[in-house]
Structures are given as structure tokens and as C-alpha cells.
Amino acid sequence: MSDVDEIKIDLPPLSFEKCPESDGERNKRIEIEKLIADNPGGSIPLKALQELALGNFGLVNDDLRRVLWPQLAGVDVTNLERVPTLDELQSHPEFHQVLLDVNRSLKRFPPGIPYEQRIALQDQLTVLILRVIKKYPNLRYYQGYHDVAVTFLLVAGEEVAFAIMEQLSTTHFSECMQETMEATQRRLMFIWPIVLFEQPELFHFLQRSSVGTLFALPWYLTWFGHSLNSYKAVVRLYDYFLASPMYTPIFVTAAILLHRANVILQEDCDMASVHCLLSKLPDDLPFEDILVNSSKLYDKYNLTVIEKKVEELIQNEKEQHKLEEERRIKYRRSVSSKSNYNVSKWFLSVLTPKSVMMTTAVSIVVGICAYYYKNQYLAAGIS
């Protein structure tokens, strides 16, 4: 398991507040319901479905998501596997870690549900996760994976949620489920060229602050499911990500940074201040606007161009580190030489003829005493 300790943050309970349906949401819901009714088996053509998920309000509500998320993920709901019991999975090496994380995720369940239902959901979530990593031994569970799984569990139910997570784990999240987080950390660096191309001032500010990409790691690992306090915002983002190419969360991250540029640039330019600001997402982010901008950024910048720029940034960083190390070595040598020179200078200053004569006399006396006492001890039979 990858040790992503930064995921361990004490979050407020996820808000499941139900807001009245807006006119736009109502119109979108009616449009989707008609498409489901007009298509055999409720199966909407993929391109049309993707456009619905990407557009304003996404798929609107969980009743529609329950029908359409499996279609977006490419899951056949008529051919689902048998669900094993929790007892059948207890021998898995990751069992206790998964159980621990699931028990810590109580705030991501709807508030006020009966105790028995909550326990049942926790057991289902544990089984769901273990089924995936047991079926694919090459995939490694990471802390934060359960935040993704619980969202699909709440919307689609245990069997369909497993099928969706199986599909996503072998595609969208496969990079995150490697032995180490090295590939994921490198992927997060893709945000920098986008910010650089769009707003150089913001890019250079963030680079000077040395904030790195750690603030965005929970966003990428959990599709923002761990970092947002609104359930409605989480499932809206899941609509968008299910209908988008694999690396879209990178572009959403860049779009958020660009949206918050003015606030960021007013912050003190140091790592602690900037990381603290960025790691806490505001509750009032206009996600519909951010997602529109994210799509524009994806269409605007080729991944190959971005990757080439990342290589340049990595090389520049290596050269900078090399120069800094050389400066440190030069400084240490300078300090060491100066220190040795000062010691030598002091020693020569105290080494006067008078002090030499005194030192010699003391040494002779000590030697005579040592010789005398040694003979005394030997005479007495003491070795």
C-alpha cells in the first residue's frame, strides 16, 4: 500500500443537503428522462450521454446517475459477478488497512441513517475494495481509494459499484495504484505547464513559494471526493470525469488554480502559507464555470506538448539543485578553511619562547613523576 499520509485529514461531515431543483436542472432532467424513455433499454448513445454529463448540471440527480453512470463507465449491468462475503476476504493482506480506512470514512455517509444500515454500507464498501485488489494483484490499494468507492456505492449499489470501480481501477486510476506514487507525482506536474501558458505570473509565484504539488494529490487520487464538503459537488464532478479522458482531473486542478489566481497572488510567497491556502477548497467554487474552462484547456493544450514542458521543468529543477549543492559545498569548504586558519593563527600566537620553555619544563617534571611512581608500584607488586 502506498503511504499517502496527507490524505489523513479530519474533514467536516459531507453535506447531503437537498436543494430545490432549479429551472435549469428541471429542464435538463426532463431532457434526460425523455432520452432514456426513447431509447431501447434506456441506453443512450455514448456521445450524446457524454455531452449530457459534461454540460451544465451534469446528470442532475442520483436516480438518473444510477442508470447512466454504468453506461458512461462501459459496464454491463446484466452480467454482474457474485458478491463474496466479508469472511471470504479476511485473509487478504490489505484487509486490516482497508477496514481501518473504511471505519474512518463515516463522515462520507449520509447523516442520520440507521446504525444497521451504516454498518451494512461499511461492510459493502470493504468488500467492494478488497474484491478489486484481490482480482488484480498488480494493483495496490492506496488511502483515498475508498473515497472514490464510497461515492459509487452510495449511488449505484454494491454490485454495480464494484463493476465501475473494476473498470476505473484498470484505466483511470491504474497509475495511482502502482507500487509507488512516483508516476502519480510526475503526472501532477502536468498542471505547471498549463498554468505557465495561461498565467505566467501565477506560475512563477507558485514556483518561488516551493509549494510543489502535494496540495493537489488528494484531489487527483479521489476525484476531489475527499476534499469537497458538498456531496452535490462531488457527484457533479464524477459526471464530468466519467465522460472525460483519463487525465482530465489535471486540467480541472489547473482551472481551479487559474480561477483563484488573484487570491493566491495576495498570499505570502512561502511554502507553508501557499500550501495551507491551496489545500482547502472553498465551498463556493463555481464548478460549472471551472469545468467549462477545464474542457477548453484540454482542447487547447496537447498532452505531448505539456509532457515536453514538464521534462524541461524537471531538467531545470535538477540543474538548480546541482548549483545549490555546489554552492553549499563551496560554502562549507570556505567555512572549514577559515576555521582551520583561525585555529592555526591562535596556536602560533600562544606559541611564544616563554610558553615553549614552560611547556617543556612541565613535561619533564610529569615524566620524572610518572617514572618514580611506576617504580614504586612495581616494587610493591602492583602491575
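In the predicted model, Glu158 is located in helix H7, which spans residues 158-169. Its C-alpha atom lies 7.0 Å from that of Leu128, although the two positions are 30 residues apart in sequence. When neighbours within four places in sequence are set aside, the contacts of Glu158 are Val83, Gln124, Val127, Leu128 and Leu153. Leu128 thus appears both in the C-alpha separation and in the contact list of Glu158.

A second pairing across the sequence involves Leu130, a residue of helix H5 (residues 115-135). The relative accessibility of Leu130 is 0%, and because the limit for burial is under 20%, this residue counts as buried. Leu130 and Leu89 are 41 residues apart along the chain, with a C-alpha separation of 6.9 Å. Beyond residues up to four places away in sequence, Leu130 touches Leu89, His92, Glu94, Phe95 and Val98.

Thr248 belongs to helix H13, which comprises residues 248-259. With a relative accessible area of 2%, Thr248 is buried. Apart from residues up to four places away in sequence, Thr248 touches Tyr240, Phe241 and Ser294.

At the level of the whole protein, the secondary structure consists of 18 helices and zero strands. Of the 383 residues, 42% are buried. Among contacts with a separation of 6 or more, 78% are accounted for by residues 24 or more positions apart. The accessible surface amounts to about 21,200 Å², and carbon and sulfur atoms contribute 56% of this area.

The largest nonpolar core contains 109 residues, and Trp69, Phe152, Trp192, Leu206 and Leu257 have the most contacts inside it. Helix H12 (residues 231-242) gives the most to this core, contributing nine residues. In soluble globular proteins, nonpolar side chains tend to be buried together. The surroundings of Leu257 were examined further: outside its neighbours within four places in sequence, Leu257 is in contact with Ile191, Trp192, Val195, Leu202, Leu206, Phe215, Ile264 and Leu278. Trp192 and Leu206, which are in contact with Leu257, are themselves among the residues with the most contacts inside the core.

Internal space was considered next. Rolling a probe the size of a water molecule over the atoms shows where empty space is left. The structure holds one cavity of 30 Å³ or more, and the largest cavity encloses about 60 Å³ of space. Its lining is formed by Leu14, Arg108, Asp147, Val150, Thr151, Leu154, Gly225, Tyr231 and Val234. Helix H6 (145-156) and H12 each supply at least two of the lining residues. The largest share, four residues, comes from H6. Helix H12 therefore takes part in the cavity lining and also gives the most to the largest nonpolar core, where nonpolar core membership requires buried residues.

Cysteine residues were also assessed. A disulfide is a covalent bond between the sulfur atoms of two cysteines. A search of the whole structure finds zero disulfides. Cys19 has a relative accessible area of 46% and is partly exposed. Cys276 likewise counts as partly exposed, at 40% relative accessibility. Both assignments follow because partly exposed denotes values between the 20% and 50% limits.

Technical notes
Residues are numbered from 1 along each chain as its sequence is written. This is a predicted model: local features need pLDDT of at least 70, side-chain atom pairs count only at pLDDT 80 or more; totals for chains, interfaces and linings use all residues. Side-chain values use heavy atoms; hydrogens and water are left out. Buried means under 20% relative accessible area, exposed over 50%, partly exposed in between (1.4 Å probe, protein chains only). Contact means heavy atoms within 4.5 Å. Accessible areas come from the Shrake-Rupley method with a 1.4 Å probe; for residues, only the protein chains shown count as cover. A nonpolar core is a set of buried Ala, Val, Leu, Ile, Met, Phe, Trp, Tyr and Cys residues joined through side-chain atoms within 4.5 Å. A disulfide is a pair of cysteine sulfur atoms within 2.5 Å. On a 1 Å grid over the protein atoms alone, a cavity is a set of points where a 1.4 Å probe fits but cannot get out, and a pocket is an open set with protein on both sides within 12 Å along at least five of seven lines; lining residues have an atom within 4 Å of a point. Grid points are joined across faces, edges and corners, and a volume is the space filled by probe spheres set on the points.
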